[in-house]
Amino acid sequence: MDSQHPGIDETVPHSARVWNYWLGGKDNFRADREVGDEFSRFYPDIEVVARSSRGFLTRAVRFLVGERGIRQLLDIGTGLPTVDNTHQVAQAVLPQARIVYVDNDPMVLAYARALLTGTSQGATEYLDADLHDPERILELAGRSTLDLSQPVGLILMNILGHVPELDEAAGIVRRLLAGLPPGSYLVTADGTNVIDGPAFEEAIGVWNANAPLSYHLRTPEQLATFLEGLEVVEPGLVPCSRWRPAPDAAPEELREVDEFGAVARKP
C-alpha cells in the first residue's frame, strides 16, 4: 500500500502500521516496513513477540467472554485490523457481545470502520479518542454502545509503553478502572527487558530514533503496578506465551518472550 492517503503522512512510521507489518498484514507504508526491518535486524524475535501478543489477546478475550460472562469490551489502542480481532473473537463466543475500539490514528480508524463489521446481534463501534483523556473515552463509549453500570473488559495491549512516565501510565489505568463497575476486568500486556533485554533495548532505540511516538520497555515489577488493587487471574503476570496456552500449543508458541501479560478483576 503506497498510494496517497489524505491526512496521513506516509513518510513517518507508525506503531500500528509497523505492528501490522510484523503480523503479516498489508496495511503499511514503505517507511513502516523500513523501520520494521531495521528493528528486526537488531531483534529478530519481534515477529515472535507480535504473534505471542496476539495469541494472548485471543485467549484472554475468550476467557472473559466464555468463562467470566463479560458481554462488553473496551479496546484502547486498537491497531490496524489483522486476524483474530477483539470483536471477532468475542462474538464468535457470544454473538451479542458489544465492543468499542478506541484509537486516534486516522488510518487505523478509517480501516477499522471500513473493514471490521460485527454480528447483527451485537455491536461494534470505533471512537477517535486519546489514551491521555480517560474520562472522555468512557463518556463516549457509554453514550451508545457500552452500559457502564455493567462489567466491562478493558483491554490495554502494547499502549501503556508509549506513556514515558510509569506513574502517569498507572494513573491512566486507575482513571479508566474508576469509571467501570466492580466485576470488570483489565487485560494488559507490554514489552519487557528481562529475557533478551540488551537486544530488545537496542531495537527499541532504533524505533525511538525513527518514530514520533516513543516506546519504553519496563520490568515485570513495573508492569505489576498496573494491577494494584485488582484480583489477578492465574497464572498471574507472565510472558504472553505462558498465559493459559492451548493444550496442543507447539513448542514455538510456548517460547518465553519479552512481553508480559495479565488479566485481573476489579473487586
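Where is the place of Pro235? Pro235 sits in the loop between strand E6 (231–232) and strand E7. The views below belong to a predicted model, in which local features need pLDDT of at least 70, side-chain atom pairs count only at pLDDT 80 or more, and totals for chains, interfaces and linings use all residues. Residues are numbered from 1 along each chain as its sequence is written, and side-chain values use heavy atoms, with hydrogens and water left out.

**View A. A cis peptide bond leads into Pro235.** The bond runs from Glu234 to Pro235, and its omega is near 10 degrees. The loop that holds Pro235 joins E6 to E7. Strands (E, at least two residues) and helices (H or I, at least four) are DSSP runs, numbered from the N terminus.

**View B. Strand E8 (259–265) pairs with E5, E6 and E7.** Two strands pair if DSSP finds at least two bridges between them. E5 and E8 run antiparallel and share seven bridges. E6 is also antiparallel to E8, with two bridges. E7 and E8 are joined by two bridges, again in the antiparallel sense. Which residue of E8 is the bridge partner of Leu186? The partner is Ala264. Val232 has Ala264 as its bridge partner in E8 too. Pro239 is bridged to Phe260 of E8. Six of the seven residues of E8 are buried, so the strand is largely enclosed by the rest of the structure. Buried means under 20% relative accessible area, exposed means over 50%, and partly exposed lies in between (1.4 Å probe, protein chains only).

**View C. One cavity of 30 Å³ or more is counted.** A probe the size of a water molecule, rolled over the atoms, shows where empty space is left. The search uses a 1 Å grid over the protein atoms alone; a cavity is a set of points where a 1.4 Å probe fits but cannot get out, while a pocket is an open set with protein on both sides within 12 Å along at least five of seven lines. Lining residues have an atom within 4 Å of a point. Grid points are joined across faces, edges and corners, and a volume is the space filled by probe spheres set on the points. The largest cavity holds about 40 Å³. Its lining consists of Thr188, Ala189, Asp190, Leu223, Phe226, Leu227, Leu237 and Phe260. Strand E5 (residues 185–191) gives the largest share, three residues. By class, the lining has six nonpolar residues, one polar and one charged. Here Ala, Val, Leu, Ile, Met, Phe, Trp, Tyr, Cys and Pro count as nonpolar, Asp, Glu, Lys and Arg as charged, and the others, Gly among them, as polar.

**View D. The second largest pocket is lined by 19 residues.** Its volume is about 400 Å³. Which lining residues lie nearest its centre? They are Arg51, Ser52, Gly55, Arg59 and Glu253. The lining divides into eight nonpolar, four polar and seven charged residues.

**View E. Phe63 and Trp243 form an aromatic pair.** The structure holds six aromatic pairs. Rings of Phe, Tyr and Trp (its six-membered ring) pair if their centres lie within 6.5 Å; planes under 30 degrees apart count as stacked, over 60 as edge-to-face and the rest as tilted. The ring centres of Phe63 and Trp243 are 5.7 Å apart and the planes stand at 80 degrees, so this pair is edge-to-face. Phe63 lies in helix H3 (residues 46–67) and Trp243 in the loop between E7 (238–239) and E8, so the pair ties together parts that are 180 residues apart in sequence. Phe63 is buried, at 4% relative accessible area. Trp243 is buried as well, at 0%.

**View F. Arg244 lies over the face of Trp243.** The distance to the ring centre is 5.4 Å. A charge sits over a ring if NZ of Lys or CZ of Arg is within 6 Å of the ring centre and within 35 degrees of the ring normal. Arg244 lies in the loop between E7 and E8. Its phi is positive, about 45 degrees, although Arg244 is not a glycine. Arg244 is partly exposed, with a relative accessible area of 34%.

**View G. Asn158 has a positive phi, near 55 degrees.** Asn158 lies in the loop between strand E4 (153–157) and helix H7 (166–178). Is Asn158 buried or exposed? Asn158 is buried, at 17% relative accessible area.

**View H. Helix H1 (residues 15–22) has buried residues.** They are Ala16, Arg17, Val18, Asn20 and Trp22. Trp22 also forms one aromatic cluster with Phe39, Tyr43 and Phe200. Gly24 follows H1, and its phi is positive, near 90 degrees.
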